[in-house]
Each structure stands twice: as C-alpha cells, then as structure tokens.
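Visitor: Could we go through this one together? I'd like to start with the overall picture and then look at a few residues.

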Amino acid sequence: MAVMEKELPIGLTDRISRLPKRRLALLFLLPVLAVLLVYLASLGFLFQYSFRTFVPGSLQIGGFTWANYWKILDPLYLGYLMDTFRLSAYTTIFTLILGYPVAYALARSQSRPFSSIVLILTVVPFFTGVIVRTYSWMLMLGSSGFLNALLLRLGLISEPIEMMFTETAVIIGLVQYSLPVMILLLAAAISHIDVAYEKSAQSLGANPLQTFLRVTLPLSLPGIISGSIVIFAWTLSAFPTPQMLGGGKVKMIAISIYEQAIETANYPFGAALALFMLVLTLLVMGGLQWALNRPGRGNGHG
C-alpha cells in the first residue's frame, strides 16, 4: 500500500536545536557581543572627547589637551567628588541598617503568607519610576508637605522645617530608592546560611541575640559587603533623586557632568569627569572586592 507521507515542516525551534553546540553558543552570544560593542564604542568616543579642547560658543571641539583632567583637581570639583562619596556612604549605611531586619524576616520567616507580603512590598517600588518616587518625597518633605503638616498639627513644631533641597532629603530619597535591592541581596545571602549552625549555637546555650551576633551576622558578612558594594556604586552615579530633592543646592558628580555636557555644552570636560568617575568607581569596587576575598578570609555564603 502506497503511503503518502507528507513531510512535516521543520520549525525554528527544531532547526536551532539541531545546530552544533559552538554555533548555538555563538548564536546566543551575538546579542551580548552587539551590546558590548556599542558600549565600548561609546566609551571610546567618551575617551577621545575627554582629551579634546573645549571651544566656547561652539559644538566643535579643538585639539589634544590634558587640561580637562587637570581641571578636575580644582577644589570645586574635588568638593563635588567628596560630597558624592560622602552621600553614597551615608546612603549605603542607612540602607544596610534598614534593610537587614527586613531581609532577615524575609529569609527566616516560617510563615509563607508573611514572606509573600514582605516580598511584594519589597519589589513594588520597582514598578514605579524613580521620578515618581522622588516626586512623592517632594510632596512629603516640602514646607507644606505631609510631614510638616503632621508635625504642625501635633504641635511638635511651631513652623515648617526646611527639609527640601538639603542633604537629608537627598539621602532619604536615595535610601528609599536603593532599599529594595539591598533587601533582596541580603535575603539571598541569609537564606543560604544553614540553620543547623544557629540551632547548634542555641543547643550550646546561646540565646537568640548571641546566636545572631556570633553566628548569623558573621556568616552573612559576604552578603553585607556585596550589597554595600552594589548600593555604593549605584548611588555614586545617582542623578534624578539628587537633582530633584537637592534642588541645585546639593551637588553630586552626576549633576556636574550633566551641567557640563548639556547646559554649557562643554563635552570634553563632561567626558573627562565621567571617565574619571568611572575609573574611580571601578577602583573602589575592586578594592572592596579584594578586601572581601583577601587571603586569610574564609569563603562564606552569599
């Protein structure tokens, strides 16, 4: 009996699965290579612009010069750099202090509904843009905002407190912006700590506080350092929050780069500042990472 066999069309998935492993790996690497190429090209342009002369009143750039990097050593810009590192350090510390208890509760809670609620509350801010979140803080911290109105109504203050356009407002905004990331990183680190260590400490007579201080906290140190590195590096380049809550009175280096590149069209100096900050950030991250993995430190979890 003649059987009419109709060849089924080969789908795209089948064709991909039949490719040799090397070609398949290359296929998946192509998007990564494309993004890397664009990134390196933009860095190359930035590097080239940072060594060119600024021509006032023109979008054209002049010849080679070292002046842009010498200009960074001006006390004005060194002050911006110091302020940036100081505010980032404060943000990292406060984010860690506020985030650790939440992360601990998220990782150690035996109640699934409670963990789900904490996780949802943690990730909800990711669904709102940084502009929206910062604007909400403007409404909260303004002279006629919610916080001042509440304190006035309670009789705790006689006149509104100036909170907007201060370093305090910027730190509050940056902490709120960074907190979800710190919580998730810490929760991942704590959840990898074997509870058997804590139970062993308690069986030897340690109370809950001693167990936390002598077992849980040291074992979560790699997660603490990793989270601190991420938040510190992240806030070093923060722009919308310092710009909106600082109101031009609190200068971080990203704001200075924006002013040079956009407002004064001094692209060469803006490029020099950006590259200088990038190298400085990489050095800080590398130094902290070396401190984490230096010889003599045991490998921890996280």
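Guide: What follows is a walk through this predicted model, from the whole chain down to single residues.

Visitor: Fine, so how many helices and strands are there?

Guide: The chain holds 14 helices and 2 strands.

Visitor: And what radius of gyration does the chain have, against that of a compact globule?

Guide: The chain has a radius of gyration of 26 Å, whereas a compact globule of 302 residues would have one near 19 Å. Along the principal axes, the C-alpha trace spans about 90 × 65 × 45 Å.

Visitor: What share of the residues is buried?

Guide: Buried residues make up 32% of the 302 residues. As for the surface, the chain exposes about 18,800 Å², and carbon and sulfur atoms supply 70% of that area.

Visitor: What about charge, how many positive and negative side chains?

Guide: There are 19 positive and 12 negative side chains, and the centres of the two sets lie 9 Å apart.

Visitor: Back to the strands: in which sense do β1 and β2 pair?

Guide: Strand β1, residues 52–54, pairs with strand β2, residues 61–64, in the antiparallel sense over 2 bridges. Arginine 52 stands opposite phenylalanine 64 in β2. The hairpin has 6 residues between the strands, and glycine 57 in this hairpin takes a positive phi near 75°.

Visitor: Which residues other than glycine have a positive phi, for instance in the loops?

Guide: One of them is phenylalanine 165, with a phi of about 60°, and another is alanine 265, with a phi near 60°. Most residues other than glycine have a negative phi.

Visitor: Where are those two placed?

Guide: Phenylalanine 165 is in the loop between α7 (146–153) and α8 (167–191), while alanine 265 is in the loop between α13 and α14 (267–293).

Visitor: Is phenylalanine 165 buried or partly exposed?

Guide: Phenylalanine 165 counts as partly exposed because its relative accessibility is 36%, and that class runs from 20% to 50%.

Visitor: And α13 itself, which residues are buried there?

Guide: In helix α13, residues 253–263, the buried residues are Ile253, Ala254, Ile255, Ser256, Ile257, Gln260 and Ala261.

Visitor: One last residue, serine 228: why does it count as buried?

Guide: Serine 228, which is found in helix α11 (residues 221–236), counts as buried because its relative accessibility is 15%, and buried means under 20%. Leaving aside residues up to four places away in sequence, serine 228 touches Thr92, Leu96 and Met182.

How values were computed
Residues numbered from 1 in each chain as written. Predicted model: local features only at pLDDT ≥ 70, side-chain atom pairs only at ≥ 80, totals over all residues. Heavy atoms only, no water. Helix = DSSP H or I, 4+ residues; strand = E, 2+ residues; numbered from the N terminus. Rg over C-alpha atoms; globule rule 2.2 N^0.38 Å. Buried < 20%, exposed > 50% of the residue type's maximum accessible area, 1.4 Å probe, protein only. Areas by Shrake-Rupley, 256 points an atom, 1.4 Å probe, with all protein chains shown as cover. Lys, Arg positive; Asp, Glu negative; His and termini not counted. Charge placed at Lys NZ, Arg CZ, Asp CG, Glu CD. Pairing = 2+ DSSP bridges. Contact = heavy atoms within 4.5 Å.
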